[in-house]
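Thanks for making time this morning. I would like to walk you through one model, taking the ring contacts and then the place where two chains meet, so please keep the picture in view while I talk.

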Amino acid sequence: MAEMTIGEALRKAMVDEMRLDENVFCLGQDIGIDKGWGGAFGINQGMVEEFGHERIIDTPIAEYLMGGLCIGSALAGMRPICDVQYGDFLFNMASPIFNEAPKISYMSGGKMGVPMVLRMPVGSTGRGGQHAQSLEGFLVHTNGLKVICPSDAYDAKGLMTAAIRDDNPVVVLEHKLLYGNKGVRVEKNAVSTVCDVPDGDYVVPIGKGRIRREGTHITVVANLLMVYRVLEAANVLAEEGIEVELIDPRSLLPFDHELVYESVRKTHRLVIVHEDTLTNGWGAEVAARAAENCLYDLDAPVKRVTVPDTILPCAKNLESFLVPSVERIVQEIRSIVNL
Amino acid sequence: MTLGKNDLIRMYELMYTTRVYEEKLYFMFLEGILPASIHQSHGQEACGVGVGYSLRKEDMLFTSHRNISHLLTKGLDLKALMAEQFFKETGCSKGRGGTIHINDMSVGIPVTHGILGAAAVHACGAATAFQIKKSENIAVAVFGDGASNEGATYEALNWAQVRKLPVVFVCENNFYGASTHVSKVNPVEHIAEKAKGFNMEYYTLDGNDVFAVYNATKKAVDKARAGNGPTFLELETYRIAGHSRSDSNSYRDKEESDYWISDERDPIKRMERHLLKEAILTPEGLDKKQAEIEEKIEEAVRFAISSPDPSIEDATLYNYYERVNK
């Protein structure tokens, strides 16, 4: 057992799997440069020293190529892990991610799969429209893909291990503020995600959510950074006698809808909090499923607390206004409970 | 490998099979029997056969939508291919892929894509795998003049040369990307010249001469296998049929098409003349060979038509790969 940040846990998962399976390798921009960064956020640090340039491959700034390298090498028996540097660059690899990799199993009649992991840093950090998106809505609409979003070190290690071992393309959404509050590249306002990570082998199954806080009055579903804001909000509300049950889905595709239904049947209220924008964000699907499956269990309308439908700004005051804050989450939950 | 008599006969069989296969599809399309459009490689048969014949079964061939000669030469089963043409459960992609998404990994055919540019980057991926594993296998990307202008293709050429990947890029220049003439969208006389900018060895060849295609590809394949990096081959050929079945080629220059669509330039007629001249086959032997191939195609059609459709219950199966699917 060791205390780790998410950044360290992701690295440990990759290192452990690379030691275990010679078919696992990493590719991306700036991940293996000698005396370099170990990736834009330092997650690959130290790996080139252990595994060499043959298995820690620095690519050009050519995202279609990076996606294609994942697909082709996976078809030839490898298990590539690609650092996308900023999740926003997924649009430069849109064809391999949306139109090629996730369709190979179906189009081949189930005869071949492409095990590949795409690591995508996401989340608002004062970087504006092209470096701070949450991208979840685009990804969860893609059949054949899996999408995970760990919010603490234990889940990061277990989900990353599951992703590397999965025979399908898996996108890992890594929030820039959750990598950790220690290490060489610490973001301003970074949140501590440190927790105990077992030394030995374990996986967190993809598609299974987790109850992060038990409560009786309202179910709140939130992921990544919003998990921490809801936890803070829950402490404020607890003083008012409102007990929040917080579900971290951990995987967005497939999504653990059953866990949400079970909770709603107990609390009779549902709020969804995410950093992706409102319209067709993953919260829309959770709300629709709740309406289809537990409408008569609900005592109040379902509420979504999200970034409104907008491009993200750089200006700190605008960003803070748009991204759900603890105060806003408290108010929204309170308004639903008091209905 | 020096080509022996049996090799020449086999290469002829593969070219002729492709021609008859596609003509049969065309007639079935006109009769309304075939459930979809087709992309004929009529006139380009020497390209796929020459390239495919220079490869080992384990080598991976990434190709696209005008692909029958490549697939058959690599060893794909004719019946499974025809059944896929009819979207049947017995097809090589169980009716889910159709002709654009063909696969049989047992003969080194990963699923083909209808997305131009994909073949080049996927081939680089497979070549990267072979390089990491220190395998002797190589990857080949086959694409047309149209796909040669995709950004993905340039990303692939750049990276393959940087890493000296065991890959061969084969551009079948049939002069038309759908209806757009190659000269309207390229600033060079020969597409292969673009490889010069990547410091890559390149050649432009007569793609209707199966021996020229084979010899050049074999050399490039041996070079890649020896760890000496990629080669770019441009095979000049001609798409005798239209882009797809609804295309009447109204935009084509008559002088150009008269030059290319002639017995003299037809790759199959050329091979026939060679086989007869070298007395590898007698005229009777050639007739017999053709009749055998035509019957094999008929047999494949009967197999495809009598095969079951995929089951409705399985409509959403295979979205995710499970090892048991194999």
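Lys79(B) lies over the face of Phe303(B), at 5.6 Å from the ring centre, and I should say at once that this is a predicted model. A second charge is placed in this way in chain B, where Arg265(B) lies over the face of Trp260(B), at 4.4 Å from the ring centre. Trp260(B) also belongs to a cluster linked by ring pairs, together with Phe175(B), Tyr176(B), Tyr238(B), Tyr251(B) and Tyr259(B).

Over all chains, the count comes to 17 aromatic pairs. Take Tyr12(B) and Tyr16(B): their ring centres are 5.8 Å apart and their planes meet at 20°, so this pair is stacked, the limit for stacking being under 30 degrees. Both residues sit in helix α1 of chain B, which covers residues 5-30, and they are four residues apart, about one turn of the helix. Are these two rings buried or exposed? Tyr12(B) is buried, with a relative accessible area of 0%, and Tyr16(B), at 12%, counts as buried too.

Let me turn to the interface. Chain B gives 46 residues to the contact and chain A gives 45 residues, and between them the chains bury about 3500 Å², with 63% of that on carbon and sulfur atoms. There are 17 residue pairs in polar contact across this interface, and one salt bridge, which joins Glu54(A) to Lys134(B) with the closest N and O atoms 3.1 Å apart. On the side of chain B that touches chain A, the largest share, 11 residues, comes from α5(B).

Notes. Residues are numbered from 1 along each chain as its sequence is written. Chains are lettered from A and ligands numbered from 1 in the order in which they are written. This is a predicted model: local features need pLDDT of at least 70, side-chain atom pairs count only at pLDDT 80 or more; totals for chains, interfaces and linings use all residues. Side-chain values use heavy atoms; hydrogens and water are left out. Rings of Phe, Tyr and Trp (its six-membered ring) pair if their centres lie within 6.5 Å; planes under 30 degrees apart count as stacked, over 60 as edge-to-face and the rest as tilted. Helices (H or I, at least four residues) and strands (E, at least two) are DSSP runs, numbered from the N terminus. Buried means under 20% relative accessible area, exposed over 50%, partly exposed in between (1.4 Å probe, protein chains only). A charge sits over a ring if NZ of Lys or CZ of Arg is within 6 Å of the ring centre and within 35 degrees of the ring normal. Contact means heavy atoms within 4.5 Å. Buried area is the accessible area (1.4 Å probe) that two parts lose on being put together, summed over both. A salt bridge is a side-chain nitrogen of Lys or Arg within 4 Å of a carboxyl oxygen of Asp or Glu. A polar contact is a pair of N or O atoms within 3.5 Å; within protein, one must be able to donate a hydrogen and the other to accept it, and residues adjacent in sequence count only if both atoms are side-chain atoms.
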